[in-house]
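Got your viewer open and the chain loaded? Let's walk through it one selection at a time.

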Amino acid sequence: QLAEFVDNLPLGIYTADAEGRFTLVNRVLAESLGAAPDELVAAGARLEDFLAAMPAATAMTMVENVREVRLKNRRGEVFPAAWSRSVARDQSGRVGTISGIVRDLTGELELEETLRKAEEGFRRFFDYAPVGIVMVDGEGMVVETNAAFRGMIGMADFEEALPSFFDLIDEANHDAVADQMAAAQQGEQDTPPLEVRLTGEQRIVQFYT
């Protein structure tokens with residue numbers, strides 16, 4: 001049962017002798033390396049044999065550590081991975097067994113790249129949108145604004161701490177805006193826009209949440 005559990009963990013698991021030669025490899029790691037578990041053990045393979053390049057700093061020493069590395073499997077495919085290992089020593093300090101964990105980072109890095117591109121796209125839209133955009137917190141305090149909105153209120157930028165959004169609109173509109181913000185926080189959609197007068201240049205704008 002323990003062997004089956006280790007074999008089906010969503011991580012690469014292995015044990016090795018003092019020279020780093022595999023003594024046990026679980027299914028996930030073996031598949032990542034493009035071989036069968038028994039084949040890797042019988043061949044006396046080491047994880048170091050699958051390094052596409054040595055880690056940037058120095059060669060990994062036999063101490064507890066975690067490194068991001070690039071591995072190259074037997075199919076010639078290179079993939080990023082997080083590699084951690086620990087060493088068991090006897091009373092004299094000699095290395096006994098090595099235990100290691102290998103986590104394929106391919107999916108995580110792809111997700112990070114997707115999120116980065118999405119963030120860049122949102123940032124471009126936010127910065128250059130031809131409409132005023134204001135981000136506020138749950139108390140109505142301004143978190144961020146774009147250039148179009150700052151132009152509407154006649155301010156190139158806020159010199160000190162960002163104000164409350166209610167400081168930027170006419171007092172006569174406070175209650176209606178507060179109600180609309182509360183509705184948005186509760187998940188209500190398709191609320192009609194409000195006509196709101198801004199302070200500063202006294203423009204009348206349509207307010208959407």
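Begin with a salt-bridge partner: select D49, which counts as partly exposed because its relative accessibility is 47%. Add R46 to the selection, and you have a salt bridge whose closest N and O atoms sit 3.5 Å apart. R46 is partly exposed too, at a relative accessible area of 29%. Keep in mind as you go that this is a predicted model.

Now zoom out and colour by secondary structure. You should count six helices and 10 strands. The chain has 209 residues, and 31% of them are buried. Switch on the surface and about 13,200 Å² is exposed, with carbon and sulfur atoms supplying 52% of that. For contacts between residues at least 6 apart in sequence, 36% join residues at least 24 apart.

**Into the core**

Next, select Y14, F22, L40, L47, L71 and V102. In the largest nonpolar core, which has 21 residues, these touch the most other members. Show β1 (12-16), β2 (22-25), α2 (27-33), β4 (65-72), β5 (78-89) and β6 (95-104) as cartoon around them: each supplies at least two residues of this core. The top contributor is β5, with four.

Which residues does L47 touch, leaving aside those up to four places away in sequence? Centre on L47 and you'll find Y14, G20, F22, L29, L33, L71, W83 and V102 around it. Another core lies apart from the largest one; pick it up by selecting I153, F165, L168 and V177, which are among its 15 residues.

**The β5-β6 hairpin**

Go back to β5 and bring in β6. The two strands pair antiparallel, over nine bridges. To see one partnership, pick S84 and look across to I101 in β6. Then follow the hairpin to its turn, where five residues sit between the strands and G93 adopts a positive phi near 95°. While you're looking along these strands, here's a general point: side chains in a regular strand alternate between the two faces of the sheet.

**More salt bridges**

The structure holds 12 salt bridges, so let's stop at a few. Select E48 and R85: their closest N and O atoms are 2.8 Å apart. E48 is in the loop between α3 (37-42) and β3 (51-53), while R85 is in strand β5, so this pair ties together parts that are 37 residues apart in sequence. Is R85 buried or exposed? Buried, with a relative accessible area of 5%, whereas E48 counts as partly exposed at 21% relative accessibility.

Now select R123 and E144, whose side chains form a salt bridge at 2.7 Å, N to O. R123 belongs to helix α4 (residues 106-128) and E144 to strand β8, so here the pair ties together parts 21 residues apart in sequence. R123 is partly exposed at 25% relative accessibility, and E144 is partly exposed at 27%.

For a bigger group, select E113, R116, K117 and E120, which are linked in a network of salt bridges.

**Last stop: a nonpolar patch**

Finish on the surface with F122, F125, M135 and V143 selected. Together they make a nonpolar patch of about 370 Å². V143 sits in strand β8 (residues 142-145), and V143 counts as partly exposed, with 46% relative accessibility.

Key:
Residues are numbered from 1 along each chain as its sequence is written. This is a predicted model: local features need pLDDT of at least 70, side-chain atom pairs count only at pLDDT 80 or more; totals for chains, interfaces and linings use all residues. Side-chain values use heavy atoms; hydrogens and water are left out. A nonpolar core is a set of buried Ala, Val, Leu, Ile, Met, Phe, Trp, Tyr and Cys residues joined through side-chain atoms within 4.5 Å. Buried means under 20% relative accessible area, exposed over 50%, partly exposed in between (1.4 Å probe, protein chains only). Contact means heavy atoms within 4.5 Å. Patches are made of residues with over 30% relative accessible area and no salt bridge: like charges are joined within 9 Å, nonpolar side chains (Val, Leu, Ile, Met, Phe, Trp, Tyr) within 5 Å. Accessible areas come from the Shrake-Rupley method with a 1.4 Å probe; for residues, only the protein chains shown count as cover. A salt bridge is a side-chain nitrogen of Lys or Arg within 4 Å of a carboxyl oxygen of Asp or Glu. Two strands pair if DSSP finds at least two bridges between them.
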